[in-house]
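Here is a friendly walk through one structure, element by element. Keep the viewer open and follow along as each part comes up.

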Amino acid sequence: MVDLKGQYNGIKETVNTSIQEVLDNTAYINGPQVHEFQKELETYLNIKHVIPCANGTDALQIAMMGLGLQPGDEVITADFTFAATVEVIALLQLTPVLVDVEPDTFNIDPKAIEKAITAKTKAIVPVHLFGQAANMEAILDIAKKHNLFVIEDNAQGIGATYTFKDGTKKKTGNLGDVASTSFFPSKNLGCYGDGGAIFTNNDDLAHTIRGIVNHGMYKRYHHDVVGVNSRLDSIQAAVLRAKLPKLDVYNTARRASARKYNAAFKNIPQIEIPITHTKCEGVCDTCDCHVFHQYTLKIKNIDRDALVAHLNENNIPCGVYYPIPLHAQKAYSNSRYNEADFPVTNQLVKEVISLPMHTELDDEQIKFISQTIIDFITQ
């Protein structure tokens, strides 16, 4: 699904040199590489504050801690996403409120958000799923109307750009009150271990979060807030510094691969290719509204699981993201959920399949993968 070795070979000298610098100066925690990466990512996102941390799940949790959300506060998020998004809500004894998603983009449905708001609602967590920005203009309007925080889950969307109706453009992660991301190795910007970061333009919130990530300390052994131990180590920052200047190149390569997949599948009625709300469908040379963390198809009138088995038999990796809705997971099921409120998610879990998507895909690989799927469907 991801060719990390191939990507490493393209930046091997830079990565090795950067890691060696860390080994030479022995500043393994909060060393110069961490601070430089922080500044460089702030510049890339055009945002005031990047606070690195240990992983993407911590980033989400710390963002919520920084906002001062209290047990019982309701937080609305998508039913169709990875569990980490709802996991941290539950860990903080907040109340997760899961809502349905849009059938075409797979992102949280603003209309479903509006219906789910109560007097206890305090925040919305849109997830930029599979690399495409959620409908942020509508979400931000809802948040403003109801005085709610917006916490972006940007773990899959780093590098994507959202375009507002007036033509204003902003990077995902720079749209809400605060955002989180993951640098897990398979991400579009991934390190060689675990890593994450929180983004915000709010000076006071950034100050609070900087204390939280470091045991609540601003001065050594003075604990001013309840904190955690969540810091990005210097070796991971060194890897990320080597990759960040190439992020747009990497994302362009992903879009190019998506175009080739799309061309192969466009006339197959049993396959729905990924789309966006933009006229260019997110895959033109100049558009960066979708960074294709995953390339995800919807399979119609075909046994999706049989297709998965067929691909495995042909040594083609694939993934089903995600096979079970969060509202149906044992850890997060609740009597307040009504199956009728999740028609899209309940259908998507039966249809979606994600194909290999990474910076090293070549035409021969894409042709083999595509033709193997077409042969299965048309046999």
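## A small sheet and its helix

In this predicted model, strand E12 pairs with strand E13 (residues 295-299) in the antiparallel sense, and 2 bridges link E12 to E13. One pairing to look for joins glutamate 272 to its bridge partner in E13, lysine 298.

Helix H9 (residues 247-265) packs on this sheet, where H9 touches E12, E13 and E14. The direction of H9 makes about 20° with that of E13.

Stepping back to the whole sheet, you will find 3 strands in the order E12-E13-E14, forming an open sheet with antiparallel pairing. Strand E12 (271-272) and strand E14 (352-355) each have a single partner strand and stand at the edges, so one side of each is left without a neighbour in the sheet.

## A covered strand

Now turn to strand E1 (residues 49-53), which is mostly covered, with 5 of its 5 residues buried. In a regular strand, side chains alternate between the two faces of the sheet. Both faces of E1 are covered: one side carries His49, Ile51 and Cys53, the other carries Val50 and Pro52, and all of these are buried.

Which strand is joined to E1 by 5 bridges? The partner is strand E9 (residues 196-200), and the two run antiparallel. Within this pairing, isoleucine 51 has isoleucine 198 of E9 as its bridge partner.

## Two helices that cross

Helix H3 (residues 56-66) packs against helix H4 (residues 84-91) at an angle of about 45°, and their axes are 9 Å apart. That angle makes H3 oblique to H4. The crossing of H3 past H4 is right-handed.

On the H3 side, the contact is made by Thr57, Leu60, Gln61 and Met64, while H4 brings Ala84, Thr85, Glu87, Val88, Ile89 and Leu91. Sorted by class, the contact of H3 with H4 has 6 nonpolar, 3 polar and 1 charged residues.

## What surrounds H4, and what follows

Several residues of H4 are buried, namely Ala84, Thr85, Val86, Val88 and Ile89. What covers the buried residues of H4? The cover includes H3, strand E2 (74-78), E3, strand E4 (121-125) and strand E5 (149-153).

After H4 comes glutamine 93, whose phi is positive, near 60°. Glutamine 93 sits in the loop between H4 and strand E3 (95-99). Is glutamine 93 buried or exposed? At 57% relative accessibility, glutamine 93 counts as exposed.

## A buried glutamine and a buried serine

For another glutamine, go to helix H2 (residues 32-45), where glutamine 33 is found. Glutamine 33 has 5% relative accessibility and therefore counts as buried, the cut-off being under 20%.

What does glutamine 33 touch, leaving aside its neighbours within four places in sequence? Its contacts are Ser18, Glu21, Val22, Ser234, Ala237, Ala238 and Arg241. Glutamine 33 is also 207 residues away from leucine 240 in sequence, yet their C-alpha atoms are 9.2 Å apart in space.

One of those contacts, serine 18, is found in helix H1 (residues 4-25). Serine 18 counts as buried too, at 11% relative accessibility. Setting aside its neighbours within four places in sequence, serine 18 is in contact with Gln33 and Ala238. Ala238 also appears among the contacts of glutamine 33.

## Backbone details worth a look

Histidine 215 is a residue other than glycine with a positive phi, near 60°. You can locate histidine 215 in the loop between helix H7 (203-212) and strand E10 (217-219). With 33% relative accessibility, histidine 215 counts as partly exposed.

Finally, which two residues does a cis peptide bond join? They are tyrosine 321 and tyrosine 322, with omega at about 20°. Tyrosine 322 lies in the loop between helix H10 (304-313) and helix H11 (343-351).

Key:
Residues are numbered from 1 along each chain as its sequence is written. This is a predicted model: local features need pLDDT of at least 70, side-chain atom pairs count only at pLDDT 80 or more; totals for chains, interfaces and linings use all residues. Side-chain values use heavy atoms; hydrogens and water are left out. Two strands pair if DSSP finds at least two bridges between them. Helices (H or I, at least four residues) and strands (E, at least two) are DSSP runs, numbered from the N terminus. Contact means heavy atoms within 4.5 Å. Axes are lines fitted to C-alpha atoms, for helices over the stretch in contact, and angles run from 0 to 180 degrees between N-to-C directions. Angles under 35 degrees count as roughly parallel, over 145 as roughly antiparallel, 65 to 115 as roughly perpendicular and the rest as oblique. A crossing is left-handed if the near helix is turned anticlockwise from the far one by less than a right angle, and right-handed if clockwise. Ala, Val, Leu, Ile, Met, Phe, Trp, Tyr, Cys and Pro count as nonpolar, Asp, Glu, Lys and Arg as charged, and the others, Gly among them, as polar. Buried means under 20% relative accessible area, exposed over 50%, partly exposed in between (1.4 Å probe, protein chains only).
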